[in-house]
Every structure is written in structure tokens, then in C-alpha cells.
Amino acid sequence: MSAITRDEVAHLARLARLALPEDELDQLAAQLDVIISAVAKVQEVAKGDIPPTSHALPLTNVYRPDEVRPGLTPDQALAEAPAVEDGRFRVPQILGEEE
Amino acid sequence: MTELIRLSAAELGAAIASGETSAVEATQAYLDRIEAVDGEIHAFLHVAAEKALEQARAVDARRAAGEELGPLAGVPVAHKDVFTTKDMPTTAASKILEGWQPPYDATVTERLRDAGLVILGKTNMDEFAMGSSTENSAYGPTRNPWNTERIPGGSSGGSSAAVAAFEAPLATGTDTGGSIRQPAAVCGLVGVKPTYGSSSRYGLIAFASSLDTPGPFARNVLDAALLHEAFSGHDPRDSTSVDAPVPPVVEAARRADVSGMRIGMVKELSGEGYQPGVLQRFTEAVELLESLGAKVVEVSCPSFTTALAAYYLIAPSECSSNLARFDAMRYGLRVGDDGTRSAEEVMSLTRAQGFGPEVKRRIILGTYALSSGYYDAYYGSAQQVRTLIKRDFDAAFEHVDVLISPTTPTTAFPLGERTDDPMAMYLADLCTIPTNLAGNAALSVPCGLAPEDDLPVGLQVMAPALADDRAYQVGAAVEAALRDRWGGDLLSRCSYAV
């Protein structure tokens with residue numbers, strides 16, 4: 001049995017906002033099947049009582065003083081935008097007609 | 001000016017300081033070299049000739065005004081294209097950031113400038129630092145100066161090739177799973193992954209935030225230590241930055257002494273699957289360390305055999321989250337915005353066109369590992385393995401000062417050999433990944449050429465967190481002893497040597 005199906009890959013691509021063409025989905029499904037079968041090895045050694053490590057450093061609650069600092073000007077922030085209108089980022093339609 | 005580019009970074013810095021040469025002369029010599037050889041090597045994505053000369057003139061002016069400058073002032077450096085630079089494009093070798101001009105400098109960039117280092121340009125890499133061969137660059141591969149039909153390693157392959165081809169005396173890189181040590185090993189250089197959190201990630205385009213670590217490339221251990229020292233240290237702008245002094249790496253590189261040191265050979269990082277010539281040079285390095293007065297013992301780190309699997313769940317998971325920022329709205333590529341498509345459709349089209357195959361593969365894999373129903377089995381288990389790896393390191397460092405292994409299982413493989421086989425590509429990082437997962441420090445130093453292909457082999461030296469200096473001390477001792485044996489640097493045997 002394969003570890004991941006083509007339909008699952010198509011679903012994941014939608015979740016990840018990747019409009020993949022059919023041929024790419026086919027190729028990815030085959031490759032991911034091999035990769036997932038290999039990485040599933042972690043389940044053989046991971047046991048219930050081992051605490052997880054999410055980070056190499058045990059740092060917690062790192063704060064900086066709450067003070068105003070210089071940031072980017074609106075012009076600098078907009079300089080590399082794909083589209084700009086009236087000093088703002090211009091984006092395609094977000095809501096449908098009926099919403 | 002072959003004489004100038006032959007000098008080590010330390011020697012060049014001293015020659016500039018004494019007035020024997022100038023930052024401008026040194027910079028021009030390297031720009032000429034890039035002009036001469038980069039057509040074939042393709043180490044650079046962007047050469048900033050005018051800006052480099054401008055920076056060099058500024059350093060010379062500061063010196064002339066009597067300012068006290070650091071040991072690398074005026075020395076050129078090649079900068080990986082994953083660090084933001086406000087006066088040069090930054091692409092992470094991706095089409096989604098083609099031509100992007102960041103509005104700010106990364107902390108590493110800023111510190112290079114403050115130290116008077118002259119940035120020659122931005123180096124090629126695997127797209128978003130995902131890969132082990134630099135073949136995942138959207139702008140074409142980089143070639144290994146030792147054999148131009150071979151890969152220069154990755155993801156920092158442009159940086160390693162630039163230093164090996166004498167296009168720069170120093171280069172920056174980032175190491176998430178081996179992306180500095182592996183390219184250093186296969187190009188016959190010194191490369192270091194510092195302790196996680198001791199070099200800043202601010203302005204570093206994120207791949208896997210709990211693993212990404214900036215570090216140096218150099219032709220020798222002392223030069224690497226000088227660059228390490230120049231850009232490391234606490235950065236309040238990075239919330240995972242360690243507020244601790246930079247370990248005394250330069251002093252350690254000068255000490256170059258292993259007598260009385262306890263060195264552990266990691267049992268799990270050799271044997272089957274390793275190229276015979278790699279194992280041969282590694283065994284000789286072990287004998288060399290013993291002859292220099294170190295006590296070498298075999299150490300078992302059983303969980304290291306699961307490190308690769310854990311890494312290829314953790315890194316893609318973090319990448320799928322980090323790369324969500326490339327949404328076609330605020331900067332970078334935007335595709336299909338013709339007034340008929342929704343933001344979501346434009347986003348999906350842009351990401352499908354802007355990201356290359358390996359990046360898409362990892363985004364999907366990470367999305368899978370983090371999705372409900374699979375999270376515990378994959379991402380959760382991988383995090384538990386991470387704990388086991390840390391415990392193995394901790395247990396080992398109770399008995400030994402450093403651990404050693406080959407840096408890579410094989411020498412540089414041929415271009416194209418693994419591009420259709422992702423798992424085979426991932427195996428290149430087999431020996432380097434445990435250190436990333438545990439967050440400690442490791443260095444790769446050349447230990448000879450494999451007899452079967454005459455390509456460089458790297459010795460990896462792993463040290464506890466914040467004891468980076470130990471790795472430098474061992475690396476420098478190996479380097480000094482081998483230099484005596486070879487009558488010079490290994491790199492002098494490369495056909496691109498000057």
C-alpha cells in the first residue's frame with residue numbers, strides 16, 4: 001500500500017496554495033511516497049514517555065523593551081510591492097460577489 | 001594580481017593594515033579573478049563590482065584617517081544570497097524573489113560591513129537553501145573547481161566554489177542540515193556550523209527556523225575563526241539569539257593542540273554506505289590525532305541512525321510554515337493578476353510558478369506532517385527523536401571533549417546524478433544532521449583526497465554547544481599536521497589554485 005495517494009497530494013497542494021498541474025501531481029505523489037515511507041522510521045524509536053524537543057535552546061519568553069524604534073517608511077515598505085494604489089498594497093479580489 | 005589572491009584572509013588583512021597593499025587593490029584583484037573564472041564556475045548570482053570598490057575605498061579612507069580597524073578590514077568576502085542586503089538584490093536563488101531589493105540589511109550583513117569586510121557579491125545556492133548540490137538553484141548550477149563535472153555541495157555551493165576557485169578568500173553560508181560543512185568538505189575547505197543561536201538569523205531568509213545557523217567558509221581554520229568572530233554574537237533582533245560571549249575561536253585556531261584531548265569516533269557515522277576512500281582518509285585522520293597526543297575512543301550514538309528521518313520531517317514542517325509568507329501580495333513575484341482571478345487563485349498560481357520542484361516537495365511534505373491526524377505520528381515522533389539525539393550528544397560529551405566522523409559519506413558526486421532521486425540527495429547530509437537537531441557546533445576540515453577520484457574528503461569535528469572553540473582547536477591541529485605532511489595546503493592541488 002502506498003503511504004500517500006495522488007488525491008491526498010492534490011488536497012495538500014490546495015492547502016499549501018500551490019496550483020500544481022496534473023503531471024507535477026503525479027510525479028510528486030510517487031516521490032513523496034518514497035520519502036514518507038523512509039521518514040516513517042521515526043515512529044519505531046519514538047516512545048510515549050520521551051518529551052518532544054521543538055528547539056535546541058531552552059530559551060523562553062524573550063522580550064525586548066516596549067519602546068518606539070525607527071521602522072520602514074511607507075515608501076520603503078511599498079517599494080517592492082507587485083502593485084500599489086494610493087500608498088497601499090493593491091491586491092486581487094479577496095471576497096466573492098455574493099459574500 | 002595572483003600574489004594578493006593567494007594570501008590567506010589573515011595575511012591579506014595584515015598586508016592591508018601595514019600599507020603593503022590596499023583594500024581597493026585587494027578588491028580589484030578578486031573582481032578580476034571573478035571576471036576570469038566565474039563564467040565557468042558560476043559561483044555568483046550577482047557581482048557588485050562598483051559597490052565593492054566603493055566599500056574598499058571607504059575602508060582605505062578610514063585607515064588613512066588613523067582609525068583602528070579589525071583584522072579583516074579591507075578583506076573581500078562572498079555573501080550567500082540568503083542574507084538580505086539593502087544595496088544588492090537578494091533572491092535565495094528562487095524565481096519568486098527574482099530581482100528583489102530588500103529594504104534592510106541582515107545582522108550578518110551589517111556586521112560584515114562594520115568589520116570592514118568588502119562584499120564582492122551574492123553567491124548561488126539551492127533555492128531557499130533546500131538541497132545538497134546547488135542544482136536546485138533557479139538560476140543554474142555551480143560547478144566544483146576540483147572537477148567541473150561535479151557538484152560543489154549545497155546548499156551553500158556558490159560560497160564553497162567561490163572560495164575554492166580563489167574568487168574570494170572568505171564566504172558566508174548557512175547550515176540547516178549540513179549546508180556549510182558538506183560543501184566545505186567536497187570543495188576542500190574549512191566550513192563551520194556555529195552553535196545554534198550564536199550567529200543571528202535576523203535578515204536571513206528562513207528555511208527551518210529552529211535549525212538555520214549562519215557560519216563561515218575559508219581556506220584555513222584561522223581564517224574561518226576570524227570570520228566567525230566578525231559576525232557572531234548576541235543580537236536582540238533575533239529572539240533565539242544566545243546572550244553569551246562568542247567562544248574564543250581565534251585563540252583556539254592559533255593554539256592547534258590536541259595533546260591530552262579525548263576524542264570520540266561516532267560508531268554510527270561510518271561503515272556501510274560510505275565511499276572506501278572517504279573511510280580511508282578518515283581512518284588516517286584518526287591515526288594522526290592519536291599521533292598528536294589525543295586519546296581516541298569509539299562512542300556509540302544509537303539515535304543518530306534516525307536523525308535523517310527526523311530532519312526530513314522537522315525541516316519541511318518548518319519550511320511549509322515559513323514559506324507561507326510568499327503570498328504574491330507585498331513583495332516578490334505575482335502571476336495571473338488580470339482582474340478576473342481572486343487573491344487566492346493569484347497566490348496559488350504564483351507559488352506554483354515561483355517555487356522550484358524541491359521547494360514544492362518540501363512544502364507538501366511539511367503540510368502533510370503537520371496536518372491533523374498525522375501530526376503525532378510524524379512531526380511529534382520526529383521531535384521525540386530530537387530529544388534522543390540531544391541525549392546521545394550529552395552522554396557522549398560526558399566522556400569526550402569532541403566527536404569526529406567523516407563530514408560526508410561520499411566525495412562530490414557528478415552533476416545530475418541525484419536530481420531525480422530526492423532520497424539519494426538527502427543522504428549527503430547523513431553525518432551533519434545530528435548536530436543541527438541538537439544545536440551544538442561542528443567544523444569540517446580537509447583530510448585528504450579520496451584515492452579513487454582525487455576529490456577532497458572532510459573530517460567533521462563536533463563540539464558541545466557554546467564550545468565551538470574546541471572544534472577549531474582540533475581542526476587547526478589536523479590542518480597543521482597535514483600541511484607539514486603535504487608540504488602545503490590541500491587546495492594547492494586544485495586545478496583552480498593560483
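A salt bridge here is a side-chain nitrogen of Lys or Arg within 4 Å of a carboxyl oxygen of Asp or Glu. With that in hand, take Arg255(B) and Glu251(B): they form a salt bridge, with their closest N and O atoms 3.3 Å apart. Keep in mind that this is a predicted model. Over all chains, the structure holds 27 salt bridges. Below is a quick tour of some of them, followed by helix packing and a few buried spots.

**Salt bridges**

- Back to that opening pair: Arg255(B) and Glu251(B) sit four residues apart in helix H9 (residues 249-255) of chain B, so about one helical turn separates them.
- How open are the two partners? Arg255(B) is partly exposed, at 39% relative accessible area, while Glu251(B) is exposed, at 51%.
- Another pair, Arg181(B) and Asp175(B), also forms a salt bridge, and here the closest N and O atoms are 2.9 Å apart.
- Arg181(B) counts as buried because its relative accessibility is 0%, under the 20% cut-off. Asp175(B) is buried too, with a relative accessibility of 0%.
- Then there's Arg341(B), whose side chain meets that of Asp338(B) in a salt bridge at 3.3 Å, N to O. Arg341(B) is partly exposed at 31%, and Asp338(B) is partly exposed at 47%.
- Over in chain A, salt bridges with shared partners tie Arg6(A), Glu22(A) and Asp26(A) into one network.

**Two helices in chain A**

- Helix H1 (residues 6-15) and helix H2 (residues 22-39) of chain A have axes that come within 9 Å and cross at roughly 110°.
- That angle falls in the 65 to 115 degree range, so H1(A) is roughly perpendicular to H2(A).
- The crossing of H1(A) past H2(A) is right-handed.
- Which residues make the contact? On the H1(A) side they are Arg6(A), Val9(A), Ala10(A) and Ala13(A), and on the H2(A) side Glu22(A), Leu25(A), Asp26(A), Leu28(A), Ala29(A) and Leu32(A).
- Sorted by character, the residues of this H1(A) and H2(A) contact come out as seven nonpolar, no polar and three charged.
- Among the contact residues are Arg6(A), Glu22(A) and Asp26(A), the trio joined by the salt-bridge network.

**Two helices in chain B**

- Helix H3 (residues 23-41) of chain B packs with H4(B) at an angle of about 160°, their axes being 8 Å apart.
- Angles over 145 degrees count as roughly antiparallel, so that is how H3(B) and H4(B) run relative to each other.
- H3(B) and H4(B) cross in a right-handed way.
- From H3(B), the contact takes in Ala23(B), Val24(B), Thr27(B), Gln28(B) and Leu31(B); from H4(B), the residues include Ala49(B), Ala52(B), Leu53(B) and Ala56(B).
- That contact of H3(B) with H4(B) divides into eight nonpolar, two polar and two charged residues.
- One residue worth a look is Ala52(B), found in helix H4 of chain B. Ala52(B) is buried, with a relative accessible area of 0%.
- What does Ala52(B) touch, leaving aside its neighbours within four places in sequence? Its contacts are Thr27(B), Val118(B), Ile119(B) and Leu120(B).
- For a sense of scale, Ala52(B) and Glu284(B) are 232 residues apart in sequence, and their C-alpha atoms are 42 Å apart in space.

**Covered helices in chain B**

- Helix H5 (residues 107-114) of chain B is mostly covered, with six of its eight residues buried. Those buried residues are Thr107(B), Val108(B), Thr109(B), Arg111(B), Leu112(B) and Arg113(B).
- The cover over the buried residues of H5(B) includes helix H4 (49-64), strand E2 (76-80), strand E3 (118-123) and helix H8 (221-231) of chain B.
- Just after H5(B), Gly116(B) takes a positive phi of about 80°.
- Helix H6 (residues 157-164) of chain B is largely enclosed by the rest of the structure, because eight of its eight residues are buried.
- The buried residues of H6(B) include Gly157(B), Ser159(B), Ala161(B) and Val163(B).
- Phe166(B), just after H6(B), has a positive phi of about 60°.

**A buried lysine**

- Lys360(B) lies in helix H13 (residues 357-370) of chain B.
- Is Lys360(B) buried or exposed? Lys360(B) is buried, with a relative accessible area of 4%.
- Leaving aside neighbours within four places in sequence, Lys360(B) is in contact with Leu18(A), Leu20(A) and Glu24(A) from chain A, and with Arg351(B), Ala352(B) and Phe355(B) from chain B.

How values were computed: Residues numbered from 1 in each chain as written. Chains lettered and ligands numbered in written order. Predicted model: local features only at pLDDT ≥ 70, side-chain atom pairs only at ≥ 80, totals over all residues. Heavy atoms only, no water. Buried < 20%, exposed > 50% of the residue type's maximum accessible area, 1.4 Å probe, protein only. Axes fitted to C-alpha atoms, helices over the stretch in contact; angles between N-to-C directions. Parallel < 35°, antiparallel > 145°, perpendicular 65-115°, else oblique. Left-handed = near helix turned anticlockwise from the far one by under 90°. Contact = heavy atoms within 4.5 Å. Nonpolar A, V, L, I, M, F, W, Y, C, P; charged D, E, K, R; others polar.
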